[in-house]
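Me: I'm new to this structure and would love a close look at a single part of it. Could you walk me through one helix and then show me how the rest fits around that picture?

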Amino acid sequence: MAKVELVMPKLGESIMEATILGWKKNVGDRVEQDETILDIATDKVDSEVPSPVSGILTEILFNENDVVPIGSVIAYISTEVQAELEPSPSISLPPFATPKAQSNGVHEKPMATLEEAVPLLAETKPFVTTQTSSDRFYSPLVRTIAKEEGISTVELEAIAGSGSGGRVTKADILGFVEYKKENKTQISHSPKEDIRMALPKIEITTPLVSVSDNVEIIEMDRMRRLIADHMVMSRRVAPHVTSFVEADVTNLVNWRNKVKSDFHRKYGENITYTPIFIEAICRALREFPLVNSSVNESQIIVKKDLNIGMATSLPSGNLIVPVIKNADRMNLVGLSQTVNDLANRARANKLKPDEVQGGTFTLTNVGGFGNIMGTPIINQPQVAILATGTIKKKPAVMETEFGDVIAVRQIMYLSMSYDHRIVDGSMGGTFLRRVGDLLEQFDINRTV
């Protein structure tokens, strides 16, 4: 009987693993070539995995919510339609795990008992998996930190999470890493309960919610939970400061109104304000490279590439941030094409996983909702995010050779939140003012 391996596909250069959202087919089901077998997700992007051949799905090796490395075999398909279901060759499992066949053909990977696992900790390389004895789920970030810091599965399972539903957050695991370094001999082989008791306590006061009969309870979807966890983590990790500037963008508005018809006719693209904002941000980042960086404990990682994320609202009400890679190397036409393409595919849920990775600075347009300004939350691990408010006609005082006059001008507010660990008020405020100056000085005679 011919069996074909179904492997977790490579979804991008920087993507090393994906989460199984759900299986569309069960063991014993007939599948056609290119028919969707399961849905997977990386970060905020969902993808479908099609069958490489026609046949019968004979075995499923991973469950829903398992995080699977790229290239791993996740199922077997028999190419013979009438073939009887039979066990497939064994696969390599992580330490402390043994296969257990269920009636539905799915293998569980239960952890060994604590008594069996602890003696092996000293000689076995720690391995972090989503399938523990408590069926607990860990985010890719938490598992990566655990793997890099040598946190065993037993220790990871013992951490009391402060996130939604008791999930372990970045702050939780970093706190445990710090505690373990200071008390290594005390907790290296402690029983689970002793580990939990030894962990540093993070006091979080959650307001009590009174639930009456006249309410509607809505369960957060996966993307909203990711956003919620990411935002809470960012506020806890980085001390936020927000600066504001006012910009007279009359020349910019008049130029766009003048060229937008010719621009569309010549390039087949609508020119919005977003690529113009990104162009100004890139010029300012070259002058202030520390704003385009990340913090790694006591190190400042200055990014040489300018990869600008643009926050995009989705029809579902959620938010996603596609990234324009090397935005400083594009002209206004290239930026317009890339911005429009990413925005359209984001709203159609057709972004590739790599297209939401690697951002170094983020732009969010609160003006699209009619807001004049906002105080955005930093998109970790970046150190700054800039918000553009709506452009409105306002009376403004202008200096002329004949004296001061009051004129109607196109005015907007720019606001930027930044990480005060490395970007102080002087740098953050000066950078933001520089972006405002570049927009104010826009050349009204610029050709397209």
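How many residues does α10 have, and what distance does α10 reach from its first C-alpha to its last?

Reply: Happy to help! Please keep in mind that this is a predicted model. Helix α10 has 16 residues and reaches 23 Å from its first C-alpha to its last, which is close to the 22 Å expected at 1.5 Å a residue.

Now look at what is tucked away. The buried residues of α10 are L332, V333, G334, L335, S336, V339, N340, L342, A343, R345 and A346. Their cover includes the helices α8 (250–267) and α9, together with the strands β14, β15 (312–313), β16 (319–320) and β17.

Just before α10 there is a loop worth a visit. A salt bridge joins D305 and R329, with the closest N and O atoms 3.7 Å apart. This pair links distant parts of the chain: R329 sits in the loop between β17 (323–324) and α10 (332–347), while D305 sits in the loop between β13 (299–302) and β14 (308–310), and the two are 24 residues apart. R329 is exposed, with a relative accessible area of 62%, and D305 is partly exposed at 38%.

That bridge has company, since a search of the whole structure finds 14 salt bridges. In general, side chains of opposite charge can pair when their charged atoms come close. One of the bridges connects D419 and R421, whose closest N and O atoms are 2.6 Å apart. Here D419 counts as buried, at 0% relative accessibility, whereas R421 counts as partly exposed, at 41%.

Another bridge lies within a helix. R433 pairs with D437, the closest N and O atoms being 3.1 Å apart. Because these two residues are four residues apart in helix α11 (residues 425–440), about one helical turn separates them. Both ends are partly exposed: R433 has a relative accessible area of 28%, and D437 has 23%. Elsewhere, salt bridges that share partners join D341, R345 and E355 into one network. R345 brings us back to α10, as one of its buried residues.

Next, the nonpolar interior. The largest nonpolar core has 55 residues, and those with the most contacts inside it are I278, F361, L386, F431, V435 and L439. Helix α9 (residues 274–287) gives the largest share of this core, eight residues. You have met α9 already, as part of what covers the buried residues of α10. To see the packing around one member, pick F431: setting aside neighbours within four places in sequence, F431 is in contact with I281, A284, L285, F288, V291, F361, L386 and M416. There is also a second, separate core of 22 residues, which includes W23, I37, Y76 and I77.

Y76 leads to one more stop, strand β1 (residues 3–7), where E5 has its place. Beyond its neighbours within four places in sequence, E5 is in contact with V73, A75 and Y76. E5 is partly exposed, with a relative accessible area of 45%. E5 and S78 are 73 residues apart in sequence, yet 9.0 Å apart in space, C-alpha to C-alpha.

Finally, take a look at the surface. V209, V211, V215 and I217 form a nonpolar patch there, with about 430 Å² of accessible area together. Within this patch, V211 is found in the loop between α6 (192–198) and α7 (222–237), and V211 is exposed, with a relative accessible area of 57%.

Definitions and conventions
Residues numbered from 1 in each chain as written. Predicted model: local features only at pLDDT ≥ 70, side-chain atom pairs only at ≥ 80, totals over all residues. Heavy atoms only, no water. Salt bridge = Lys/Arg side-chain N within 4 Å of Asp/Glu carboxyl O. Buried < 20%, exposed > 50% of the residue type's maximum accessible area, 1.4 Å probe, protein only. Core = buried A, V, L, I, M, F, W, Y, C linked by side-chain atoms within 4.5 Å. Contact = heavy atoms within 4.5 Å. Patch = residues over 30% accessible without salt bridge, like charges linked within 9 Å, V, L, I, M, F, W, Y side chains within 5 Å. Areas by Shrake-Rupley, 256 points an atom, 1.4 Å probe, with all protein chains shown as cover. Expected span 1.5 Å × (residues − 1).
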